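Here is a guided walk through a structure, written for someone who is new to reading them. Keep the model open beside the text and look up each residue as it comes along.

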Amino acid sequence: MKISIINGSPKSGKSTSALLIDYLIPMLLGNEIHIHHLNMETGDHCQLSAMTDSDVLLFVFPLYVDALPSHLLRLLMALEKQNFQKKKPIVYCIVNNGFYEGKQNDLAIEQIKIWCHRTHLTWGQAIGIGAGEMLPYIASVPLGHGPNKNLGHALTLLTQNIKAGKGGEDLFISPHYPKWLWKMNASMFFWYPRAKANGLKRKALYQQADYTTL
Amino acid sequence: MNVIIHDLETEQFQMLFPHLNQDTQIIYDNGKIKHCIGCFGCWIKTPGTCVIKDGYEHIGAILAKANDVTIISQCLYGGYSPFIKNIFDRSISYVLPFFKTVKGETHHQPRYPNQYRLFVYFYGDNILSQEKLTAQKLVEANSNNFNVSQYTVSFYNSINDLSKEVTLS
């Protein structure tokens, strides 16, 4: 089975989407897997052709402002024009967001379903993941254990359905980790250290840009 | 200040809406917009301003001055057109990276005290009922995350229909 995985992260370096794809590859062993990096290949017609010549399309991407990122919208429009004459892949997606609740990915998933309807493709299943920015920090924890407990379970169900050519109920997950602790860690160990690395004090993160002075 | 964000051709927009206030800020597609690269620079490097210098780096600061924001967008897969979504993606400096909890859900804290009214006009000749539902929910979600005071969502079969029924100032 030919599986095209589209990494919809615009980041050129490591991203949560890339990490999720790393998790997926051993779970889909025995299949022909092609990974497409959207940040490098948007508008590449050879890649569009390879995507349409697949049995499975799996979009893995971050949520941007409650919905699909603009660069992914452009890809979906280009793909819709390809008509999918050779094959009719089943479509799956994994969306991660920076909030805690995986449920907040539901509108992006609805958009992918509408795209399936517009392109006459079969919808498979989605996973909506919360606290996506946390995943690289707990990458040493095995899937299915500790804070990665829910993620491991969801990825297992999804990959089983992909291999069986089946659809399934959409899965919305948050990390197996207290929300209050995640919220505190986001400030203390994510935003403040990053600002400091850029030479900014904590207070500077709250500054207001004044458009009239531009 | 009123802000209008649209995805129409400039000449078409000017022809359909010739009478606008002088202080209305119009954000349109000049063909040079870059997409957000997920670097968070607008939060942790130059807080409040996007680091991509293509003329669209001040969206957050513009929204902070807005009383009314009007969006004219093609309805695509239950959401905005790529250009309009690009503007949203490049505007996250309008909020802070930090979180608050509202009705059990995490959302971003506001950077500015401002609250604007949002009017969204979608157009398209074959907008599905599911697309309308998703688009309405999307505008509601955007309004919650961007601290909008009130919003409306409307759908039109064509740009001409829209221009006949909508008055912009």
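Ala131(A) is buried, because its relative accessible area is 2%, and buried means under 20%. You can find Ala131(A) in the loop between strand S5 (122–129) and helix H6 (149–164) of chain A. The backbone here is worth a look: phi of Ala131(A) is near 55 degrees, a positive value in a residue other than glycine. Please keep in mind that this is a predicted model. Chain B offers another example, Asn147(B), with phi near 60 degrees, again a positive value in a residue that is not glycine. Asn147(B) lies in the loop between H5 and strand S7 (150–156) of chain B.

**Helix H4 of chain B**

Is helix H4 of chain B enclosed or open? Eight of the eight residues of H4(B) are buried, so the helix is largely enclosed by the rest of the structure. Going along the helix, these buried residues are Pro82(B), Phe83(B), Ile84(B), Lys85(B), Asn86(B), Ile87(B), Phe88(B) and Asp89(B). What do they pack against? From chain A, helix H4 (70–80) takes part. From chain B, the partners are strand S1 (2–6), strand S2 (25–27), H3, strand S3 (68–74) and helix H5 (129–145).

**Rings that meet**

Across all chains, the count of aromatic pairs comes to 23. One of them joins Tyr56(B) and Phe83(B), whose ring centres are 6.0 Å apart with 75 degrees between the planes. Why is this pair called edge-to-face? The angle of 75 degrees is the reason, because planes over 60 degrees apart count as edge-to-face. This pair links distant parts of the chain, with the two positions 27 residues apart. Tyr56(B) belongs to the loop between helix H2 (41–44) and helix H3 (59–63) of chain B, while Phe83(B) belongs to helix H4 (residues 82–89) of chain B. Tyr56(B) counts as buried at 5% relative accessibility, and Phe83(B) counts as buried at 4%.

Phe88(B), another residue of H4(B), has ring company too. Together with Tyr80(B), Tyr94(B), Tyr112(B), Tyr116(B), Phe122(B), Phe146(B) and Phe155(B), Phe88(B) forms one aromatic cluster.

A ring can also have a charge above it, as chain A shows. The charged end of Lys103(A) sits over the ring of Phe172(A), 4.4 Å from its centre.

**Opposite charges**

Side chains of opposite charge can pair when their charged atoms come close. How many salt bridges are there over all chains? The count comes to 12. Here are three of them to find in the model.

| Salt bridge | N to O distance |
|---|---|
| Lys87(A) and Asp55(A) | 3.6 Å |
| Glu110(A) and Lys137(B) | 2.6 Å |
| Arg90(B) and Asp54(B) | 2.8 Å |

Begin with the salt bridge of Lys87(A) and Asp55(A). This pair links distant parts of the chain, 32 residues apart: Lys87(A) is in the loop between H4 and strand S4 (90–96) of chain A, and Asp55(A) is in the loop between helix H3 (45–52) and strand S3 (56–62) of chain A. Lys87(A) counts as partly exposed at 28% relative accessibility, and Asp55(A) is partly exposed at 29%. These two residues also join Lys2(A) and Asp53(A) in a network of salt bridges.

Next, look at the salt bridge of Glu110(A) with Lys137(B). The pair crosses between chains, from helix H5 (residues 106–119) of chain A to helix H5 of chain B. Glu110(A) is buried, with a relative accessible area of 16%, whereas Lys137(B) is partly exposed at 34%.

Last comes the salt bridge of Arg90(B) and Asp54(B). Arg90(B) is in the loop between H4 and strand S4 (95–102) of chain B, and Asp54(B) is in the loop between H2 and H3 of chain B, 36 residues apart. Arg90(B) counts as buried at 3% relative accessibility, and Asp54(B) counts as buried at 14%.

**A nonpolar patch on the surface**

Which residues make the nonpolar surface patch of about 480 Å²? They are Trp180(A), Met184(A), Met188(A) and Phe189(A). Trp180(A) is found in helix H7 (residues 179–197) of chain A. With a relative accessible area of 60%, Trp180(A) is exposed.

Key: Residues numbered from 1 in each chain as written. Chains lettered and ligands numbered in written order. Predicted model: local features only at pLDDT ≥ 70, side-chain atom pairs only at ≥ 80, totals over all residues. Heavy atoms only, no water. Phe/Tyr/Trp six-rings, centres within 6.5 Å; stacked < 30°, edge-to-face > 60°. Helix = DSSP H or I, 4+ residues; strand = E, 2+ residues; numbered from the N terminus. Buried < 20%, exposed > 50% of the residue type's maximum accessible area, 1.4 Å probe, protein only. Lys NZ or Arg CZ within 6 Å of the ring centre and 35° of its normal. Patch = residues over 30% accessible without salt bridge, like charges linked within 9 Å, V, L, I, M, F, W, Y side chains within 5 Å. Areas by Shrake-Rupley, 256 points an atom, 1.4 Å probe, with all protein chains shown as cover. Salt bridge = Lys/Arg side-chain N within 4 Å of Asp/Glu carboxyl O. Contact = heavy atoms within 4.5 Å.
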